[in-house]
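Please look through the sequence and the model shown here, paying attention to the way the helices pack against one another. The report that follows takes up three helix pairs, one residue, and one enclosed space.

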Amino acid sequence: MESTLGQPNFISVAFFLVFVLLTLGITYWAARKTKTSSEFYAAGRSITGFQNGLALSGDYMSAASFLGISGMVALKGYDGIIYAVGWLVGWPALMFLIAEPLRNLGKYTFADVLAFRLGQKPIRISASIGGILVTLTYSIAQIVGSGKLINLMFGISYESAVVLVGGVMLLYVLFGGMIATTWVQIVKAALLLFGVTLLALLALAKFGFSVSDLYGAVETTYGRSALEPGGLVSNPLDAISLGLALMFGLLGLPHILMRFYTVPDAKEARKSVAYATTFIGYFYIIIPIVGFAAAVLIGKDKIAAVDKGGNMAAALLAELLGGTPFLGFIAAVAFATILAVVAGLTLAAASTISHDLHFNVFREGKATEEEQVRVARRATVAFGIFGILLGILFKDQNVAFMVGLAFAIAASGNFPALFLSILWRNFSTAGGVASILSGSLSASLLIILSPTVWVEVFGFSSPIFPYKNPAIFSMTLSFLAAFVFSKWFPEKKAQNAYESEKVRVYLGIGAE
């Protein structure tokens, strides 16, 4: 069967327009309710645990999850499932280690938690560097996915597609803030769960609704090696490093962490993680079925011919099983996924620039509500434009792989400092700054020097750093820097504030 991908078709365009109009309607409604900085950053803390759980899963089930993992499983076999498992196992850790302290200690960003007992200016500046590096790397992956998708669905150029996505996403964040972003996430999560379930059921119907028959067909077509480890990660150190990044990176993602400020209290924060884990777990169980079915029913060569990274495997399978209408629906769902996640990332970056840098560092807590929201909107535009330009540069990368790198930076820069500030009495400002900067910058530098960027993007013949995943090195360096600098430069004030921090963490007294 010849694919219509790459040729504009009316049904796809209609689905896209319906979704865009629906979400712009939500944005218009939210804009009328978004007046204060609390409403812009945290939806006025009015979101319930169930709603936030859906929104969290919407934020997390990104283009990397839907397009990237299905494509990676289709092209690389069993190893693609590492990403599905890795991205799920961090959620229990998030619930038990971070969710409640974060909600009780912070206000809008994860830097609020660090600044609770550490030096305001140095810790917020370094946390902003770590946060923006993560959100930018993560955004690139989503923008690449969206550019490919619209390029193939509408037949317009990749560059024009990226600019179009960036423009629509900016409308959501600029006018609707967190209220609009939350409701767009909820709508998108429901659509994505429905779309993937339908796609998996239609695929399994071809194999008598038997997963073992599907795996048998994979073995018959591609040999036993497709169902064994080693197709993507063959080096044990790389595998451990990837696992660490995927698990602990979640605990350092600014756009996920800021969602805990949208609920009224710590109890609802815990509930939202429980709901999110349920939705995300279900999603990651069925997404490998889509990837393996695409490999058998379409073929690796055809998938790679449409997109080198394999990102269109799910779209091709949808077209094969449900024709152009189903392709249009799945493409619109993928588009919704990307828009919602990029909106969440952009809002996280804007809140970092406005709340952490402008309000707390430059203005020393003396800016008006209107000024804070105005700066946040300007930061939104700047971040959006920069993300679009980088999305154009990283055109041919697999989006799941790109997000894996963002997780490595989050696991190395943000997570160690956040974790230690909550649990270690002797953690000092010097330790926090050293931890964030050494982790974030070393992870970013090692990614640039790795085969992924040095060879595949810059075109050099051999990499300077031999591993694809740097987390095991950069995370170790971050924890080591935190320990050494906290011992070299102890801080009595931070140690004394630890007891009052504990009361607020566990009882919520004084939480906003």
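Helix 7 and helix 14 are roughly antiparallel to each other, because their axes cross at an angle that falls in the class over 145 degrees. The axes of helix 7 (residues 120-154) and helix 14 come within 9 Å and cross at roughly 160°. Here helices (H or I, at least four residues) are DSSP runs, numbered from the N terminus, while axes are lines fitted to C-alpha atoms, over the stretch in contact, with angles that run from 0 to 180 degrees between N-to-C directions. The crossing of helix 7 and helix 14 is left-handed, a word used if the near helix is turned anticlockwise from the far one by less than a right angle, whereas a clockwise turn is called right-handed.

This is a predicted model, in which local features need pLDDT of at least 70 and side-chain atom pairs count only at pLDDT 80 or more, although totals for chains, interfaces and linings use all residues. Residues are numbered from 1 along each chain as its sequence is written, and side-chain values use heavy atoms, with hydrogens and water left out.

Two further pairs can be described in the same terms. The axes of helix 14 and helix 15 (residues 369-393) come within 8 Å and cross at roughly 130°, and helix 14 passes helix 15 in a right-handed crossing. The axes of helix 3 (residues 49-60) and helix 12 (residues 266-297) come within 7 Å and cross at roughly 45°, and this crossing is right-handed too. Helix 3 and helix 12 are therefore oblique to each other, oblique being the class left over once angles under 35 degrees (roughly parallel), over 145 (roughly antiparallel) and 65 to 115 (roughly perpendicular) are set aside. Contact means heavy atoms within 4.5 Å, and on the helix 3 side the residues that make it include F50, G53, L54 and S57, with F279 among those of helix 12.

The table sorts each contact by class, where Ala, Val, Leu, Ile, Met, Phe, Trp, Tyr, Cys and Pro count as nonpolar, Asp, Glu, Lys and Arg as charged, and the others, Gly among them, as polar.

| Helix pair | Residues in contact, by class |
|---|---|
| Helix 7 with helix 14 | 20 nonpolar, 10 polar and 3 charged residues |
| Helix 14 with helix 15 | 9 nonpolar, 6 polar and 1 charged residues |
| Helix 3 with helix 12 | 10 nonpolar, 5 polar and 2 charged residues |

F279 has its place in helix 12, and, not counting residues up to four places away in sequence, F279 touches F50, G53, L54, S57, M61 and L193. From C-alpha to C-alpha, F279 and A318 are 22 Å apart in space and 39 residues apart in sequence.

Finally, the largest cavity (on a 1 Å grid over the protein atoms alone, a set of points where a 1.4 Å probe fits but cannot get out) is lined by residues with an atom within 4 Å of a point, and these are Y108, T109, F110, P254, M258, A348, S351 and T352. Helix 14 (residues 313-362) gives the most to this lining, with 3 residues.

Conventions:
Helices (H or I, at least four residues) and strands (E, at least two) are DSSP runs, numbered from the N terminus. On a 1 Å grid over the protein atoms alone, a cavity is a set of points where a 1.4 Å probe fits but cannot get out, and a pocket is an open set with protein on both sides within 12 Å along at least five of seven lines; lining residues have an atom within 4 Å of a point.
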